[in-house]
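Visitor: I am new to this subject and would like to look at a structure together. Could you help me see how its descriptions are justified?

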Amino acid sequence: MSVRSIRPLSGLKGEINIPGDKSISHRSIMLGAIAQGTTEITHFLKGADCLSTIRCFRDMGVEIEEKPDCILVHGKGLHGLSRPARTLDVGNSGTTTRLLSGILAGQNFSTALSGDESLNSRPMARIMTPLNSMGADITSLEHNNCAPLLINPGALHGIHYQSPVASAQVKSAVLLAGLYADGATSVTEPALSRNHTELMLQNFGACVTSTMHKGGSATAQIEPCSELYGQQVIVPGDISSAAYFIAAGLLVPHSELLVKNVGTNFTRAGFLSVCEAMGASLTMLNRSFEGGEGRADILVSSSSLKGTVIEGGIIPTLIDEIPIIAVMAACAEGTTIIRDAAELKVKETDRIRTVTENLRAMGACVTPTEDGMIIEGNAGDPLAGAHIKSCLDHRIAMSFAVAGLAAAGETVIEDSQCVDVSYPEFFASLESLN
Ligand code: S3P
């Protein structure tokens, strides 16, 4: 087991270059693989999850070159993947599993895919239901609605799917299968989830439309497609990774940090709105726009935070940032209430449980609820250093490393290597700010 010791710090200064967005990196490999021609990806995230996506496509005959400054994907076209010789290994990656299932539903060969223990316990009925209703035949080999999955393709029909959850992975799986369907395919979700798939599919030549409805629900629709065309993709920095450094700059006294190249797509930027509601001092600089995705540098100064309420349609736009928001809330003045976030229970760990247990270990007052948590802030009375059980969840390890910077005494992060899933350089970057 790898462990990291974190000591409290004062005055973080410097600049951080944020590694590439995980969601966009996955999608650039997937669309590149099924496009015609070459896709050149710069600022690709070489985290374990995205490497799982690369491995799966190489196993299906796609040539993917890792150059020093870019990744080249030599696309095979929509119907050019070949049957893999073995079960596809999706590692810890829910995005690989669910999006790939949508693509595999449209091939002319059957595929098995399986991941690690955490991945193989995450719910897959959410993609099996719509993909099977399109005409695929996806079965859970252990009959528990989880991976390992056997994906038998079928002649796919366009459907309208009313998703019970706001999930970009579900929406994307259905849209990707929709490329291969005999008519238009649409997905309505109760609130708008990240829209990277829609944006990138448009850039690659697919016909995709997005509509927001009164009350906050949203529909994405795709027309069947005869070809996608390889593109140049410049991946913005991942706001989910930036969130740890923004929080560190806010919580550690006398800090001033420039967090560079942060993706600011509005379907991902709920964390910034919450920071603002909590009284954070953030200044957006050098805004730019590329491939439909906004980006900016963010100047962060130490701030006294106050509690807030986080609920409703903003939740899908910050779902992965809730562990670090909970840490900020524990250091704020007043109460923070998080509701409508039951999806936390089906992430790499049950994050309502893993956040509550670890915050309590640091002396915070937290009440878990069915769909979130209530956190009593302890402003003025720092958290206590503690032994943190990451439970192999990268976002728990990084959130509590930041908590440790603002706590009294030593904090030890157990199984700290799990940060490799989304941010292999995380601890090195943290140390560089010293
Ligand atoms: C992701 C969507 C989200 C997010 C995950 C990445 C994606 O999951 O939590 O880390 O890339 O589509 P859900 O779609 O399950 O909400």
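**Around the ligand**

Guide: Gladly! In this predicted model, an oxygen atom of the ligand sits 3.0 Å from a polar backbone atom of alanine 168.

Visitor: What makes that a polar contact with alanine 168?

Guide: A polar contact is a pair of N or O atoms within 3.5 Å. The distance at alanine 168 is 3.0 Å, so the pair meets the cut-off. Glutamine 169 also offers a polar backbone atom, 2.9 Å from an oxygen atom of the ligand. Lysine 347 uses a polar side-chain atom instead, 2.7 Å from a ligand oxygen atom.

Visitor: Which residues surround the ligand?

Guide: Among them are Lys22, Ser23, Arg27, Thr95, Arg194 and Asp320.

**Two domains**

Visitor: How is the chain divided into domains?

Guide: Domain 1 covers 3–20 + 236–431, while domain 2 covers 22–234. Their C-alpha centres are 28 Å apart. The contact involves 31 residues from domain 1 and 26 residues from domain 2. About 2300 Å² of area is buried between domain 1 and domain 2, with carbon and sulfur atoms giving 51% of it.

Visitor: How many salt bridges are there between domain 1 and domain 2?

Guide: The count there is 3 salt bridges, and a search of the whole structure gives 21.

Visitor: Why is the pair of arginine 194 and aspartate 320 called a salt bridge?

Guide: The rule asks for a side-chain nitrogen of Lys or Arg within 4 Å of a carboxyl oxygen of Asp or Glu. Here the closest N and O atoms of arginine 194 and aspartate 320 are 3.3 Å apart, so the pair qualifies. Across the interface of domain 1 and domain 2 there are also 18 residue pairs in polar contact. On the side of domain 1 that touches domain 2, strand 17 (293–301) and helix 11 (394–405) are the elements that give two or more residues. The residues of that side divide into 9 nonpolar, 11 polar and 11 charged.

**A long-range tie**

Visitor: How do you know that lysine 260 forms a salt bridge with glutamate 15?

Guide: Their closest N and O atoms are 3.5 Å apart, and the limit is 4 Å, so the pair counts. Lysine 260 belongs to strand 15 (residues 256–263) and glutamate 15 to strand 2 (residues 13–17), so this pair ties together parts that are 245 residues apart in sequence.

**Two backbone details**

Visitor: What makes the peptide bond from alanine 147 to proline 148 cis?

Guide: Omega of that bond is near 0°. Proline 148 is in the loop between strand 8 (137–140) and strand 9 (149–152).

Visitor: Why is histidine 43 worth pointing out?

Guide: Phi of histidine 43 is near 60°, a positive value in a residue other than glycine. Most residues other than glycine have a negative phi. Histidine 43 is in the loop between strand 3 (36–42) and helix 2 (48–59).

Notes
Residues numbered from 1 in each chain as written. Predicted model: local features only at pLDDT ≥ 70, side-chain atom pairs only at ≥ 80, totals over all residues. Heavy atoms only, no water. Domains from an automatic or database assignment. Contact = heavy atoms within 4.5 Å. Buried area = accessible area lost by both parts, 1.4 Å probe. Polar contact = N/O pair within 3.5 Å; in protein donor to acceptor, adjacent residues only side chain to side chain. Helix = DSSP H or I, 4+ residues; strand = E, 2+ residues; numbered from the N terminus. Nonpolar A, V, L, I, M, F, W, Y, C, P; charged D, E, K, R; others polar. Near = heavy atom within 4 Å.
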